Amino acid sequence: SIQLSIRDLNKRFKTGDGVKGISLDVMKGELVTLLGPSGCGKTTVLRSIGGFLAPDSGDIQIRGSSILHLPPEKRPTAMVFQSYNLWPHMTVYDNLAFGLKLRKKKKDEIRSLVQEALKLVQLESAEHKTPGLLSGGQQQRVALARALLLEPEVLLLDEPFSALDAKLRMEMREELRDIQRRTGMTMIFVTHDQEEALSISDRIVVMRAGEIEQLSTPQEIYDQPQTLFVAGFIGRINLIKGTGTGRSVAVGEARFEQERAHDGAVIAAVRPEDVYLTEQETNSLPGMIRQIMILGHYAEVSVESGEQVLKMFVPREQSARLHHGQQVRIGFSRVVSFPSPGA
Ligand code: ADP
Ligand code: MG
């Protein structure tokens, strides 16, 4: 069933920036990510849902009822921010109990709810500490537990892991996903980090300059980007000039199959994992190896072909047989092309 429905949301700031015509349905128990570069309007959408910002037009409904007339504290939403917003002088326990006391819950019930929430975020031992004694990751877990305790119908998370280092960010991703599965909570997650979005989302909304560019599953966003912007923003990709004829695309002397039919000048987008070395003389491009970067179990190899430098991923064993300056031929196993912007 539909938990959150955003209908033609518009917000224009005095500067002319804002969001335009945002429509989105989020299903119960779904984790939907708003992804896009800084300034594209992600926070504006989130704050409109949370009630911290009044849109110019459009509607926001939770389970079929508009929430626009409700102040933030009356909305069935809770928000987690990048800066944890914990009360520094209160213990973790009191930070979590505060909202429950306001709701006039009984002392015993508060105790058991808080302990349950601390267990969920793996922080039982921090109960009596003040936030200042905790690491960034632990503080963000407290903020998450506090939001979960409010039992929102939709949990809003605005770049919650951005302040954490790379390793911790990855752990927090897994943990959030795990909590989300166990609680069945509907979540809207905001990030500018495409890897984070790909790894935790049921669906991703790619935003650009205040508008939705594509709304699909992570797999579709990665494999079937609908625009050149999405192709370039998500994952690594080579962009190569070509000429399309139906489902075939010519790059130099070589022809490859393309995922979508396009005629005329195109930009062929090829992911580094879809570039391969070949002995075949036909339907392959000549190139010279410019650089080999060992990245653990694989290497990233740069191949100069004509006026372009293409990146490809090569398994470690194979990369050991390659050297700088070597003449090779390359092929593409998967090409998604776009009409050339200049055409
Ligand atoms: P994001 O979260 O994707 O980085 P925001 O939603 O914060 O983007 O902002 C979208 C655009 O609106 C940006 O250009 C930003 O500068 C502008 N903006 C956001 N809030 C305000 C505001 N209160 N007043 C004026 N401009 C704003
Ligand atoms: Mg933001």
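These are my notebook entries on helix H4 and the core around it, taken from a predicted model.

**Entry: the helix itself.** I looked up H4 at residues 136-149. H4 has 14 residues and spans 20 Å from first C-alpha to last, close to the 20 Å expected. After the helix I checked Glu151 and found a positive phi, near 45°.

**Entry: burial.** Is H4 mostly covered or mostly open? I found it mostly covered, with 12 of its 14 residues buried. The buried set is not purely nonpolar by name: it includes Gln138, Gln139, Gln140, Arg141 and Arg146. Val142, Ala143, Leu144 and Ala145 are also buried, as are Ala147, Leu148 and Leu149.

**Entry: packing partners.** I then asked which elements the buried residues of H4 pack against. Three are helices: H2 (92-102), H3 (107-120) and H5 (166-183). The strands are E6 (77-80) and E7 (154-158).

**Entry: the core.** I turned to the largest nonpolar core, which has 86 residues. Ala145, Leu156, Ile188 and Ala268 touch the most other members. H4 gives the largest share of this core, seven residues. Domain 1 (2-229) and domain 2 (239-339) both contribute, so the core lies between them.

**Entry: Ala145.** I listed its contacts, leaving out residues up to four places away in sequence. Ala145 touches Leu96, Ala117, Leu118, Leu120, Val121 and Leu123.

**Entry: annotation.** The UniProt record, an unreviewed entry, places "domain: ABC transporter" at residues 4-234. I computed 37% helix and 26% strand for that span. Its end C-alpha atoms lie 26 Å apart.

How values were computed. Residues numbered from 1 in each chain as written. Chains lettered and ligands numbered in written order. Predicted model: local features only at pLDDT ≥ 70, side-chain atom pairs only at ≥ 80, totals over all residues. Helix = DSSP H or I, 4+ residues; strand = E, 2+ residues; numbered from the N terminus. Expected span 1.5 Å × (residues − 1). Buried ≥ 20, exposed ≤ 12 C-beta atoms within 10 Å, placed from the backbone. Contact = placed C-beta atoms within 7 Å. UniProt positions renumbered as here; feature names shortened; annotations may be inferred. Core = buried A, V, L, I, M, F, W, Y, C linked by C-beta atoms within 7 Å. Domains from an automatic or database assignment.
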